[in-house]
Amino acid sequence: IGLIAGSLGLRDHADRVVGFTAVMAEEFPGLNIIGPLEGHDADDETEALTRQLLGAPDLVGLYNLGAGNAGFVTALQQSGRAGAVRVVAHELTDKARNALSAGVIDVVLDQNPEAEIRAALAAARALVQHPGGRIEERRVEIGIFLRDNLR
């Protein structure tokens, strides 16, 4: 399974790598992980890394845990292996949505950045209006999108 991160210097990317590798080691010990490789959330770098990973004939899956989905999808579509390699990506962008609909990507994990921003602004507002007061915790759901539940 090929693993592409934007940057391991980003905490969320590093946490995703740790979580993914831990689950894979426990539940799928026979599968090897290639990477993580860093695409710096740049489409061209991510495309080149995806092409490199797709060069492995025994590759069964790809996980792009950062951005750069446009390059990721381009490499998959041009490789002729789209649909044959299981693919997980992050963020339900237009490119990811189209690739999900077309069967190029199998799963998209969407953080819902708008809800994250609203929650952060509400917390900041509460701190300003009521210093030392209790901040209401707002749960931000993560969306898991498959072709079947794409809206």
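Student: Leaving aside neighbours within four places in sequence, which residues is alanine 70 in contact with?

Tutor: This is a predicted model, so we're reading contacts from predicted coordinates. Alanine 70 is found in helix H3. Skip the neighbours within four places in sequence, and its contacts are Asp43 and Lys95.

Student: Does alanine 70 count as buried, exposed or partly exposed, and which value decides?

Tutor: Buried needs under 20% relative accessible area, and exposed needs over 50%. Alanine 70 falls in between, so it counts as partly exposed, with a relative accessibility of 26%.

Student: How far apart are the C-alpha atoms of alanine 70 and alanine 99?

Tutor: Along the chain, alanine 70 and alanine 99 are 29 residues apart. In space, their C-alpha atoms are separated by 9.4 Å.

Student: Let's look at helix H2. What end-to-end span should its 12 residues have, and what does the model give?

Tutor: H2 covers residues 43-54, and the rule is 1.5 Å a residue. The expected span uses one less than the number of residues. That gives 16 Å for H2, which agrees with the distance between its end C-alpha atoms, 16 Å.

Student: Which residues of H2 are buried, and how wide is the arc they fall within?

Tutor: The buried ones are Thr46, Leu49, Thr50, Leu53 and Leu54. Seen down the axis of H2, they line one face of the helix, because they fall within an arc of 135 degrees.

Student: And which residues are exposed on the other side of H2?

Tutor: We've just put the buried residues, Leu49 among them, on one side. Turn to the other side of H2 and the exposed residues are Asp44 and Gln52.

Student: What do the buried residues of H2 pack against?

Tutor: There are strands and a helix on the list. The strands are E1 (2-5), E2 (34-38) and E3 (61-64). The helix is H3 (69-79).

Student: Now for charges. How many salt bridges does the structure hold?

Tutor: Two examples sit in helix H1: aspartate 15 with arginine 11, and aspartate 12 with arginine 16. Another joins the side chains of arginine 139 and glutamate 141, at 3.3 Å from N to O. For the structure, the count is five.

Student: Why can aspartate 15 and arginine 11 point the same way in the helix, and what is the distance between their closest N and O atoms?

Tutor: An α-helix has 3.6 residues a turn, so residues three or four places apart point the same way. Aspartate 15 and arginine 11 are four residues apart in H1, about one turn of the helix. Their closest N and O atoms are 3.5 Å apart.

Student: In the salt bridge of aspartate 12 and arginine 16, is arginine 16 buried or exposed?

Tutor: The closest N and O atoms of this salt bridge are 3.7 Å apart. Aspartate 12 counts as partly exposed, at 35% relative accessibility. Arginine 16 has a relative accessible area of 15%, so it's buried.

Student: How many aromatic pairs does a search of the whole structure find, and which residues form a pair?

Tutor: The search finds one aromatic pair. Its rings sit 4.9 Å centre to centre with 50 degrees between the planes, and the pair is tilted. One partner is in helix H1 and the other in strand E3, so the pair ties together parts that are 43 residues apart in sequence. Both partners are buried, and they are phenylalanine 20 and tyrosine 63.

Student: Stepping back, how do the elements of the chain run from the N terminus on?

Tutor: There are five helices and six strands in the chain. From the N terminus on, they run β-α-β-α-β-α-β-α-β-α-β.

Student: Last one: which element of the chain has the lowest mean pLDDT?

Tutor: For the chain, the mean pLDDT is 91, and 100% of the residues reach 70 or more. Among the elements, E3 has the highest mean, 97. The lowest mean, 86, belongs to helix H5.

Note on methods: Residues numbered from 1 in each chain as written. Predicted model: local features only at pLDDT ≥ 70, side-chain atom pairs only at ≥ 80, totals over all residues. Heavy atoms only, no water. Buried < 20%, exposed > 50% of the residue type's maximum accessible area, 1.4 Å probe, protein only. Arc of directions from axis to C-beta. Contact = heavy atoms within 4.5 Å. Salt bridge = Lys/Arg side-chain N within 4 Å of Asp/Glu carboxyl O. Phe/Tyr/Trp six-rings, centres within 6.5 Å; stacked < 30°, edge-to-face > 60°. pLDDT = per-residue confidence, 0-100.
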